[in-house]
Amino acid sequence: MKMADVICGGWSETKTADEQIQKICDNVKKETHENYVEFHAVEYRSQVVAGANYLIKVHVGGTSYLHLMVWQRLPCDGGQDALTGVQQHHHKDDPLVPF
């Protein structure tokens, strides 16, 4: 996340997922309690809080997508990623709307 992209307390625009976002998804995949064969981050939005919130669209196979809400703690608090919400039954063109 670049400082020019930061809107403290507000959500960023939707961006294409990169390796950092995929790593966050990989870190929280087991917390979904599902056994997805495919789990590919497509796009995301972020929000600066005491750490960062990420709203991530994940392709899980076929025409199925999830929207994940992930909180990433500050490095001084361990920096771990925590899954805080999952919305199932999304599609490729569904917008990322905070929930």
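Author: A quick definition first: buried means under 20% relative accessible area, exposed means over 50%, and partly exposed is whatever lies in between (1.4 Å probe, protein chains only). You're looking at a predicted model, where local features need pLDDT of at least 70 and side-chain atom pairs count only at pLDDT 80 or more, while totals for chains, interfaces and linings use all residues. Residues are numbered from 1 along each chain as its sequence is written, and side-chain values use heavy atoms, with hydrogens and water left out.

Reader: Okay, let's start with the sheet. In what order do the five strands come?

Author: Helices (H or I, at least four residues) and strands (E, at least two) are DSSP runs numbered from the N terminus, and two strands pair if DSSP finds at least two bridges between them. S1 (residues 15-16) pairs with S2 over two bridges, and S3 pairs with S4 over nine. The sheet is open and its pairing is antiparallel. Its order reads S1-S2-S3-S4-S5.

Reader: Which strands stand at the edges?

Author: Look for strands with a single partner, because one side of each is then left without a neighbour in the sheet. Those are S1 and S5.

Reader: And how many bridges join S2 to S3?

Author: S2 covers residues 40-49 and S3 covers 51-61. A hairpin joins S2 to S3 through one residue, and the two strands run antiparallel. The number of bridges is nine.

Reader: Nice. How many aromatic pairs does a search of the whole structure find?

Author: Rings of Phe, Tyr and Trp (its six-membered ring) pair if their centres lie within 6.5 Å; planes under 30 degrees apart count as stacked, over 60 as edge-to-face and the rest as tilted. With that rule, the search comes back with two.

Reader: Take tyrosine 44 and tyrosine 54, then. What is the angle between the planes?

Author: Tyrosine 44 sits in S2 and tyrosine 54 in S3, ten residues apart, and both are buried. Their rings are 6.2 Å centre to centre, in a tilted pair. The angle between the planes is 50°.

Reader: What is the bridge partner of tyrosine 54 in S4?

Author: Let's go through the partners of both tyrosines. Tyrosine 44 stands opposite lysine 15 and has isoleucine 56 as its bridge partner in S3. For tyrosine 54, the partner in S4 is valine 70.

Reader: Now helix H1. How wide an arc do its buried residues cover around the axis?

Author: H1 spans residues 19-28, and its buried residues are Ile21, Gln22, Ile24, Cys25 and Val28. The arc is taken from the directions from the helix axis to the C-beta atoms, and it is small enough to put these residues on the same side of H1: only 155°.

Reader: Which exposed residues are on the face turned away from that buried side?

Author: The buried side has cover that includes S2, S3, S4 (64-72) and S5 (81-90). The face turned away from the buried side carries Glu19 and Lys23.

Reader: Cysteine 76: buried or exposed?

Author: Cysteine 25 makes a handy contrast, since its relative accessible area is 0% and it counts as buried. A disulfide would be a pair of cysteine sulfur atoms within 2.5 Å, and the count comes to zero. With a relative accessible area of 68%, cysteine 76 is exposed.

Reader: Which side chain makes a polar contact with the side chain of histidine 90?

Author: Histidine 90 is in S5, and at 15% relative accessibility it counts as buried. Leaving aside neighbours within four places in sequence, its contacts (heavy atoms within 4.5 Å) are Thr63, Ser64, Tyr65 and His67. A polar contact is a pair of N or O atoms within 3.5 Å; within protein, one must be able to donate a hydrogen and the other to accept it, and residues adjacent in sequence count only if both atoms are side-chain atoms. At 3.4 Å, the partner is histidine 67.

Reader: Last one: what value is phi of histidine 89 near?

Author: Histidine 89 is found in S5 and is exposed, with a relative accessible area of 71%. Histidine 33, in the loop between H1 and S2, has a positive phi near 60°. Histidine 89 also has a positive phi in a residue other than glycine, near 65°.
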